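Work through the exercises below with the structure open. Each task is followed by a stepwise solution.

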Amino acid sequence: MEKQWNRTHTSAASAIYGAINYGKDSNFSLVDVMGLTGHAFRINIDSKEVNVAGPTMFPGGYILRRNLCNLGFISCLADAEAPVPPEKVTQTIALIQDSINRGYPAIAFDLFVPEFGLIYGYDDEAQVFHAKDPVNSGTVSYEKFSDVRSGVLFVTTISEQLPHSKYEQLRMALDMIVDHTLGREWNHIFKDQYRIGLAGYDAWMNVLKQRKADPYGQAFNVMVISDAREFAVQFLKELERNWTADNIVERTVRKLASEAAIFYQQTADSLIEIRELFPFPEGGNPQDPAISDRAISLLRTAKQGEEEGIKLQERLLHFMKAYHSEVWIY
Amino acid sequence: MSNPIITKEELLVRSIMLTNQTNETTNISPPTELVEQARAGDQDAFSELVRLHRKKALGWAESITKDSFLAEDIVQDALIRAFLKLGTLMDAKKFLPWLRQIVRNQAYMKMRRGGPYKHEQPFSLFTKQKEAGPLYAEQVDWSDVDQILFYLSRSSREQAKQKEPIASLLRAEIMDNIRSLLHCLTEKERRVFEAHFFGELAPSDIASLFGMQTANVYNLLSRSKRKVQKERIRLSINDYVKERARAKLPSKQILAPPPDF
């Protein structure tokens, strides 16, 4: 089946993509968004049982602010901790309403399911928001929206558009991707339970070795991560295809992106195979030693691909920070 | 059944207003019948109790605070608490020492702190881990009803400083706030809640008072706190929406739905 490049299982990217497209002259594709936000390169593994929360257990405010920044937007953030004081509830509602009045939906979390979604309308008389997330669409009352039992009352809104060049965008994206993959990304309160980047593969293999994987959670993780890496490959291929040969920057991007794409293809292929072993939502049988060992072997291959891929991306990042001379006579 | 809290509160606020200028005081315990009547919700009886003991209470408070303004504040708080706790007073004959203890508690709490917290005190003595009451909304732990109540009374007092002549009306506002919050509880929840937060009774005492298991009291208190927290947010949202309508801000705006995720 042909991969659809306008849908992803990474809800943060869907929400960002959905939101920025309300802007008049947004010309980002979902592939661009997945790549430039770094979501195509993320892996966030619960080290106990690869639980279902993994893919969304990152510091939302920090990551989404940087994501929007990479794409050329200033953002606003509400993330008051539960129990949320009434004043902060109404301030958060006001932030959403202000965004909608300016024509942009607000990015929220856990509207219908614990995923990122969009609030695109409000009605004070009925005290409801109009909202959509990966599973549902409809109205959510202000009261229910505010009733956060744990965690934070999360909303990110798009503020001003502050575009920068495609060179800047790519450099900022690579900075996030490299930091994530090498485990340097700020992981806030999640760092004790979740492993990111290459360490995520190790944590996952370890869970499988111990036969402790939660079938549902693991199936969800592999669905999200394999989809993400397919986008990663597509993003790198599009860099190669769309950038020109006009100058050393464009040429270097094309060269390194095309080389990296090969390694990420290895990663994506292995993850797709694991996805078939553990189909969502049933999750197959991770208790079966033969299946688990096969999955571990595939994860090792996936990790190897990513290890090589990230070396190239890191090289590209250093290059984008300080370009080589176009002509060098020595 | 009708809501006895409402009438009691109105009565209380009125009593405090009416007795502001009273000169009368007495060392004699009030007639037991008067206390009984007040406990049963008799408005005149409670007014009379306040009238009889207001100046005495001010004396107790002032002997600790050495500040008549502060003493006035303490007594107003103490009377609100006394009123709310009245139902838990077992022996009507002990009204006077009981009231004195409440006033002294209030006064000591206020005096315990200095510096910027000089005029603050937690609403309950039993907030052991929170030495200073919250000054600002963002400091309030909204899962902790002590703090909510403290914050409510404090913000009301702040306003009272600016609009002195209607200070008594602002008292009514506190009571309105408390009332509207407790309104979300069932009768049983409210009795236990009040016994704990206004009566300052430990859960084990409440358990024996109402013939419950201590564990159930904890459950009920925790459930009640959560309900009160939700109720507080519900009311804030109502106010917020009304405020927007008053300010003629758009009441409805719906963008085109986003494409499917």
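**Exercise 1. Take stock of chain A.**
Task: state how many helices and strands chain A has, and compare its radius of gyration with that of a compact globule.

Solution.
Step 1. Chain A has ten helices and eight strands. Helices (H or I, at least four residues) and strands (E, at least two) are DSSP runs, numbered from the N terminus.
Step 2. Note the basis. This is a predicted model, where local features need pLDDT of at least 70, side-chain atom pairs count only at pLDDT 80 or more, and totals for chains, interfaces and linings use all residues. Residues are numbered from 1 along each chain as its sequence is written, while chains are lettered from A and ligands numbered from 1 in the order in which they are written.
Step 3. The C-alpha trace of chain A spans about 70 × 55 × 35 Å along its principal axes.
Step 4. For 330 residues, a compact globule would have a radius of gyration near 20 Å; chain A has 20 Å, which agrees. The radius is taken over C-alpha atoms, and the globule rule is 2.2 Å times the number of residues to the power 0.38.

**Exercise 2. Classify two helix pairs within chain A.**
Task: determine how α6(A) is oriented to α10(A) and to α3(A).

Solution.
Step 1. Helix α6 (residues 166-181) and helix α10 (residues 289-321) of chain A cross at roughly 140 degrees, and their axes come within 9 Å. Axes are lines fitted to C-alpha atoms, for helices over the stretch in contact; angles run from 0 to 180 degrees between N-to-C directions.
Step 2. Apply the cut-offs: under 35 degrees is roughly parallel, over 145 roughly antiparallel, 65 to 115 roughly perpendicular, and the rest oblique. α6(A) and α10(A) are therefore oblique to each other.
Step 3. Their crossing is left-handed (the near helix is turned anticlockwise from the far one by less than a right angle; clockwise would be right-handed).
Step 4. Residues of α6(A) including A:L170, A:L174 and A:V178 meet residues of α10(A), among them A:I310, A:L317 and A:M320. By class, this contact has nine nonpolar, two polar and five charged residues. Ala, Val, Leu, Ile, Met, Phe, Trp, Tyr, Cys and Pro count as nonpolar, Asp, Glu, Lys and Arg as charged, and the others, Gly among them, as polar.
Step 5. Helix α3 (residues 60-70) of chain A crosses α6(A) at roughly 155 degrees, with the axes coming within 9 Å. α3(A) and α6(A) are therefore roughly antiparallel.
Step 6. A:R66, A:C69 and A:N70 of α3(A) touch A:Q169, A:M172, A:A173 and A:M176 of α6(A).

**Exercise 3. Dissect the A–B interface.**
Task: find which element of chain B gives the most residues to the side that touches chain A.

Solution.
Step 1. 26 residues of chain B contact 32 residues of chain A (C-beta atoms, placed from the backbone, lie within 7 Å).
Step 2. α10(B) gives the most, with eleven residues.
Step 3. The side of chain B that touches chain A divides into 15 nonpolar, five polar and six charged residues.
Step 4. Helix α4 (residues 86-101) of chain A packs on helix α10 (residues 214-246) of chain B at about 45 degrees, with axes 9 Å apart. The two are therefore oblique, and the crossing is right-handed.
Step 5. Strand β4 (residues 116-123) of chain A and β1(B) run antiparallel, joined by three bridges. Two strands pair if DSSP finds at least two bridges between them. A:D123 stands opposite B:K252.

Note on methods:
Contact = placed C-beta atoms within 7 Å.
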